[in-house]
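Trainee: I would like to go through this model with you and ask, label by label, what justifies each one.
Mentor: Then let us put it on the screen and begin.

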Amino acid sequence: RAACVPIEIRQAPAEKLPLDAASVDTAVVTFTLCSVQDPMQSLSELRRVLRPEGQVLFLEHGLSHDEPVARWQRRLNPWWKPLAVGCNLIRPVLSSFQAAGFRIGECEEYYLPRTPRPMGFLSRGRAQPA
């Protein structure tokens, strides 16, 4: 209520956003793609609602580029997913954005300190409609 800009909060599945096409300037996605039912449909919906000059700011964890870590992620995922309420360790963040029609602007990928690597590979950055 004290925000300097109007804010409207809507609850809806990420795969079916109740927003008009090309109506959003900026979307923020944090630790979401790991647990939505259909990450590609969710990203397609984001692309649909973003204006052509819009952007997605993201912070996500997912499949590491480091093959030994990725092997552990694949081994652990069947046990991790039910323990972590549907969270997947093996969803590739950047390539998913690209496959959904985004280009990656600035991006940083790193491991969280003091976190086991299979659970702590992060991608943080900005994506725009390609």
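Trainee: Which residue is the bridge partner of Glu60 in β4?
Mentor: The partner of Glu60 is Ser123. Keep in mind throughout that this is a predicted model.

Trainee: What makes β2 and β4 a pair of strands?
Mentor: Two strands count as paired if DSSP finds at least two bridges between them, and β2, which covers residues 50–61, is joined to β4 by six bridges, so the pairing criterion is met. The two strands run antiparallel.

Trainee: In what order do the strands of the open sheet lie, and why are some of them called edge strands?
Mentor: Four strands form the open sheet, in the order β1-β2-β4-β3, with mixed pairing. The edge strands are β1 and β3, each of which pairs on one side only. On average, neighbouring strands of this sheet are turned by 10 degrees against each other, with direction ignored.

Trainee: Which helix packs on the sheet, and which strands are touched by that helix?
Mentor: Helix α1, residues 39–49, packs there and touches β1, β2, β3 and β4, while its direction makes about 145 degrees with that of β2.

Trainee: What makes up the largest nonpolar core?
Mentor: That core has 17 residues, and those with the most contacts inside it are Leu43, Leu46, Val56, Phe58, Phe97 and Phe102. The elements that contribute two or more residues to this core are β1, α1, β2 and α3, the last of these spanning 93–99. As background, nonpolar side chains tend to be buried together in soluble globular proteins.

Trainee: Which residues are in contact with Val56, once its neighbours within four places in sequence are left aside?
Mentor: Val56 is then in contact with Ala27, Val29, Leu46, Leu50, Phe97, Phe102, Gly125, Arg126 and Ala127.

Trainee: Why is the pair of Arg10 and Glu8 called a salt bridge?
Mentor: The term requires a side-chain nitrogen of Lys or Arg within 4 Å of a carboxyl oxygen of Asp or Glu; the closest N and O atoms of Arg10 and Glu8 are 2.7 Å apart, so the pair qualifies. Arg10 is partly exposed, with a relative accessible area of 45%, whereas Glu8 reaches 58% and is therefore exposed, the cut-off being over 50%.

Trainee: How many salt bridges does a search of the whole structure find, and which parts of the chain does the pair of Arg126 and Glu106 link?
Mentor: The search finds six. One of the salt bridges is formed by Arg126 with Glu106, whose closest N and O atoms are 3.6 Å apart, which is within the 4 Å limit. This pair links distant parts of the chain, since Arg126 belongs to strand β4 (residues 121–129) and Glu106 to strand β3 (residues 102–111), 20 residues apart. Glu106 has a relative accessible area of 54% and is therefore exposed. Another salt bridge joins the side chains of Arg74 and Glu67, at 3.0 Å from N to O; Arg74, at 40%, and Glu67, at 37%, are each partly exposed.

Trainee: How do you know that Cys87 is in no disulfide?
Mentor: A disulfide needs two cysteine sulfur atoms within 2.5 Å, and the nearest cysteine sulfur to Cys87, that of Cys34, is 3.6 Å away, so the criterion is not met. The structure as a whole holds zero disulfides.

Trainee: Are Cys87 and Cys4 buried or exposed?
Mentor: Cys87 has 8% relative accessibility and is buried, because that label applies under 20%; Cys4, at 84%, is exposed.

Trainee: What is noted about the phi of Ala22 and of Arg114?
Mentor: Neither residue is a glycine, yet Ala22 has a positive phi of about 55 degrees and Arg114 one of about 60 degrees. Ala22 lies in the segment before β1 (24–30) and is partly exposed at 36%, whereas Arg114 is found in the loop between β3 and β4 and is exposed at 83%.

Trainee: Where is Ser23, and which residues does Ser23 touch?
Mentor: Ser23 is also in the segment before β1 and, not counting residues up to four places away in sequence, touches Val49 and Arg51. The C-alpha atoms of Ser23 and Leu50 are separated by 5.9 Å, although the two residues are 27 apart along the chain. With a relative accessible area of 29%, Ser23 is partly exposed, because that value falls between 20% and 50%.

Technical notes
Residues are numbered from 1 along each chain as its sequence is written. This is a predicted model: local features need pLDDT of at least 70, side-chain atom pairs count only at pLDDT 80 or more; totals for chains, interfaces and linings use all residues. Side-chain values use heavy atoms; hydrogens and water are left out. Buried means under 20% relative accessible area, exposed over 50%, partly exposed in between (1.4 Å probe, protein chains only). Axes are lines fitted to C-alpha atoms, for helices over the stretch in contact, and angles run from 0 to 180 degrees between N-to-C directions. Contact means heavy atoms within 4.5 Å. A nonpolar core is a set of buried Ala, Val, Leu, Ile, Met, Phe, Trp, Tyr and Cys residues joined through side-chain atoms within 4.5 Å.
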